[in-house]
Amino acid sequence: MSDFITENSQEDHLDRRGFLKCMAWAGTGVLYSVSGGILSSRMLSPAANAGEPVAAASFNFVQISDSHIGFHKPANPDVAATFRETIARINALPQAPDFIIHTGDLTQLSETKEFDDLQQMIKDCKTKQVFYVPGEHDVLSDNGAQYLERFGKGTRGSGWFSFDQKGVHFIGLVNVMTVKEGGLGVLGQEQLDWLEKDLASLAKSTPIVVFAHIPLWTVYPQWGWGTDDSAKALEFLKPFGSVTVLNGHIHQALQKVEGNISFHTARSTAFPQPAPGTAPKAGPMAVPAGKLRSYLGINRVSYVETSHSLAVIDSPLA
């Protein structure tokens, strides 16, 4: 029996206060710590923030995703409030993260006011350095022109880029520019050529973190939850000893390990989506007030170094 609701219910009586109360302990982001090239992570929640020490690390960063600012439907009548809750969680961490990664769908319709609102809210975050990649909702109205003007300065093509942080190489990829509704993501040959060159000068012992909006592994192709040409990108990454891939888009935490590559998808700060195949189609999922935790699940994700790869272990915070 699935732990996920398979359809939206008009009888859930989900009000704004009830939803925010659930979100307060559901977790609205993931804190990553890096020590010696090894990543560890935990959900941002009051329990974690209040009493759990952050292990000594070279640096920390937070991943958030799918804010959908401008969304107004029963699954979450106030996405701005849950985004502010995310910022409050980050500010409450005992050790401020070095930076934030946002893995796309900042907005619902890529409208000017939606971008304005998100930028205004994120100014309240004590961590000022934020790296973005676009989601398909961020490029709807103008093929990504406004997104690039606001968040893509200094990037290449439609917004891809890389940077280094204390021995770890980070790569932001864009796989949403040609996506049709329900279709798979696409990186494109130009970006793949750039990725191959970007990796060519790195030692194979360099830890790599890749982030993009749509998953780079095939989660559920019937709903477009995968990237059509990701296999080509993964071939370039396979020779490296430690590769972590972070994605959003599907609004739930799923993990997978293939050789030296570990994949992790993030929950949305806005609303959940059904588990793969448990509903007629993907989309916003309303849940009964007071039960969000049981439907979404709260997991602590630990990356454990093996002789060849990083393995992912999930354990509930409850």
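Strands β10 and β11 form a hairpin with two residues between them. Gly259, in the turn of this hairpin, has a positive phi of about 60°. Keep in mind as you look around that this is a predicted model. The hairpin strands, β10 (residues 255-258) and β11, pair in the antiparallel sense over four bridges. On its other pairing, β11 meets strand β9 (residues 243-247), and here the two run parallel, joined by five bridges. His264 is a handy residue to click on, since it is the bridge partner of Leu246 and also of Gln255.

How many of the five residues of β11 are buried? Five of the five residues in this strand, 261-265, are buried, so β11 is largely enclosed by the rest of the structure. The cover comes on both faces: Ile261, Phe263 and Thr265 are buried on one side, and Ser262 and His264 are buried on the other. That split fits a general pattern, in which the side chains of a regular strand alternate between the two faces of the sheet.

## The sheet around the hairpin

Now zoom out a little. The hairpin belongs to an open sheet of six strands, in the order β6-β7-β8-β9-β11-β10, with mixed pairing. β6 (161-165) and β10 stand at the edges with a single partner strand each, so one side of each has no neighbour in the sheet. Direction ignored, neighbouring strands of this sheet are turned by 15° against each other on average. At the β6 end, β6 and strand β7 (residues 168-172) are antiparallel and share five bridges. One of the pairs there is Phe161 with its bridge partner Gly172 in β7.

Helices pack on this sheet too. α6 touches β6, β7 and β8, and its direction makes about 170° with that of β7. α7 lies across β8, β9 and β11, running at about 135° to β11.

## Helices with a buried face

Which residues of helix α7 (residues 230-237) are buried? They are Ser230, Ala233, Leu234 and Leu237. Seen down the axis of α7, these buried residues fall within an arc of 100°, so they line one face of the helix. The spacing makes sense because an α-helix has 3.6 residues a turn, so residues three or four places apart point the same way. The buried residues of α7 pack against α6 (189-200), β8 (208-211), β9 and β11.

Helix α4 (residues 112-122) can be read in a similar way. Its buried residues are Glu114, Phe115, Leu118, Met121 and Ile122. They cover an arc of only 135° around the axis, which puts them on the same side of α4. Their packing partners are α3 (79-92), β5 (130-132) and α5.

Phe151 is a good residue for following the contact with α5. This residue lies in helix α5 (residues 145-151) and is buried, with a relative accessible area of 12%. Leaving aside residues up to four places away in sequence, Phe151 touches Leu106, Phe115, Leu118, Gln119 and Tyr132. Phe131 is 20 residues from Phe151 along the chain, and their C-alpha atoms are separated by 8.1 Å.

## Individual residues worth a look

Most residues other than glycine have a negative phi. Asp66 has a positive phi of about 50° although it is not a glycine; this residue lies in the loop between β3 and α3. His249 also has a positive phi, near 75°, and sits in the loop between β9 and β10. Asn60 is in strand β3 (residues 59-64), where its side chain and that of Gln95 are joined by a polar contact of 3.4 Å.

Are these residues buried or exposed? The table gives their values; buried here means under 20% relative accessible area.

| Residue | Relative accessible area | State |
|---|---|---|
| Asn60 | 1% | buried |
| Asp66 | 0% | buried |
| His249 | 11% | buried |

## The protein as a whole

To finish with the wide view, the protein has eight helices and 13 strands. Buried residues make up 56% of its 318 residues. Among contacts with a separation of 6 or more, 72% are between residues 24 or more positions apart. The protein exposes about 13400 Å², and carbon and sulfur atoms supply 52% of that area.

Note on methods:
Residues are numbered from 1 along each chain as its sequence is written. This is a predicted model: local features need pLDDT of at least 70, side-chain atom pairs count only at pLDDT 80 or more; totals for chains, interfaces and linings use all residues. Side-chain values use heavy atoms; hydrogens and water are left out. Buried means under 20% relative accessible area, exposed over 50%, partly exposed in between (1.4 Å probe, protein chains only). Two strands pair if DSSP finds at least two bridges between them. Contact means heavy atoms within 4.5 Å. The arc is that of the directions from the helix axis to the C-beta atoms. Axes are lines fitted to C-alpha atoms, for helices over the stretch in contact, and angles run from 0 to 180 degrees between N-to-C directions. Accessible areas come from the Shrake-Rupley method with a 1.4 Å probe; for residues, only the protein chains shown count as cover. A polar contact is a pair of N or O atoms within 3.5 Å; within protein, one must be able to donate a hydrogen and the other to accept it, and residues adjacent in sequence count only if both atoms are side-chain atoms.
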